[in-house]
Amino acid sequence: MKREVVVRYKKNPILTKDDVPYPVATVHNAGVVKYKDKYIILFRSHLLNGRSIIGMAKSDDGYNFKVELKSFLTPCEDKESIFFQYEEYGVEDLRISEINGEYLLTYSCYSKYGVRIALAKTCDFIEIERVALITQADLRNVVIFPEKIDGQYVRLDRPHSEISKWSIWISYSPDLVHWGESKLIMQPHKYHWDEMKIGPGATSIKTEKGWLNIYHGIFKTMSGSVYRLGVALHDLEDPSIVLGVSDEWILQPEDPWEVTGYVPNVVFTCGAVGRGWDTEDLLGWSRQCHVCRRS
């Protein structure tokens, strides 16, 4: 009998707009991290004017969350800052990566010039320091690996492209500001659940066998696009090497809040936390696939 790779929490959803103590229209696309024995999620919400901000909620057990009274990150209001003009239309889809006690925050910022990725950091989830705009337009889904590799910071990202399928790239940086040595490492698979476009999702999880990358893939249907989640495994010492990609998705829209809502037929991840799982559990998907395809 085939074992389920992902098991939904029976008391979903764990957070809705009604749990937020200020007016919002949505709650979604949350980065997550374990900090001082508490789980913190930094979630995106649409304000009632349609623009997005980032809120914060905390939990002792990872299931029951309480939203902070004030939002965590809103568009920059300092007119002298370069972030001011590029965050004018909102901030979205934040990812969290912890390296040596410092929490790196990558998020999409929107303006009349398109979408760019900004990098901020915090040590306590109270004070936030904006560091740099680390992409030009149009590039999204930047996820930084949670440790330096060969002395460099490493990230996965997804450039927008009208020439080829939207794919996952890898880039490197000595200082978190200047990024380069970029190359394409994963592409959508023809007539497959992720054939339209793919992009990084949660911060990669380190396992004995490699970096576990939970990514999103999109399939176009007659009634619109469907967002699902899949997994890939990257080499520990050189994550540009993709050891394998699951032939099957691990999660698809099924519950009412997944098939309906602000954007229907979507499951999407901006974060995942390892909780001492056995490596065999993390890698079980590779044995359950009909084929573990390579990128």
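So, how much accessible surface does the chain have, and what share of it belongs to carbon and sulfur atoms? About 15,100 Å², with 50% of that on carbon and sulfur. Keep in mind that this is a predicted model.

Okay, the overall picture. We've got four helices and 18 strands in the chain. The radius of gyration is 18 Å and the globule rule gives 19 Å for 295 residues, so the chain is as compact as a globular protein of that length. If you lay the C-alpha trace along its principal axes, you get about 55 × 45 × 45 Å. Buried residues are 50% of the 295. As for charges, there are 36 positive and 40 negative side chains, and the centres of those two sets sit 4 Å apart.

Now the aromatics. The structure has ten aromatic pairs. Take Phe72 and Phe125: ring centres 6.3 Å apart, planes at 40°, so that pair counts as tilted. Phe72 is in the loop between β4 and α1, and Phe125 is in the loop between β7 and β8, so the pair ties together parts 53 residues apart in sequence. And are these two buried or exposed? Phe72 is buried at 11% relative accessibility, and Phe125 is buried at 3%.

Another tilted pair is Tyr86 with Tyr113, at 5.4 Å centre to centre and 55° between the planes. Here helix α1 supplies Tyr86, while Tyr113 comes from the loop between β6 and β7, 27 residues apart. Tyr86 is buried at 18%, whereas Tyr113 is partly exposed at 46%.

Last thing: Phe72 and Phe125 also belong to one aromatic cluster with Tyr35 and Tyr103.

Methods. Residues are numbered from 1 along each chain as its sequence is written. This is a predicted model: local features need pLDDT of at least 70, side-chain atom pairs count only at pLDDT 80 or more; totals for chains, interfaces and linings use all residues. Side-chain values use heavy atoms; hydrogens and water are left out. Helices (H or I, at least four residues) and strands (E, at least two) are DSSP runs, numbered from the N terminus. The radius of gyration is taken over C-alpha atoms; the globule rule is 2.2 Å times the number of residues to the power 0.38. Buried means under 20% relative accessible area, exposed over 50%, partly exposed in between (1.4 Å probe, protein chains only). Accessible areas come from the Shrake-Rupley method with a 1.4 Å probe; for residues, only the protein chains shown count as cover. Lys and Arg count as positive and Asp and Glu as negative; His and the chain ends are not counted. The place of a charge is taken as NZ of Lys, CZ of Arg, CG of Asp or CD of Glu. Rings of Phe, Tyr and Trp (its six-membered ring) pair if their centres lie within 6.5 Å; planes under 30 degrees apart count as stacked, over 60 as edge-to-face and the rest as tilted.
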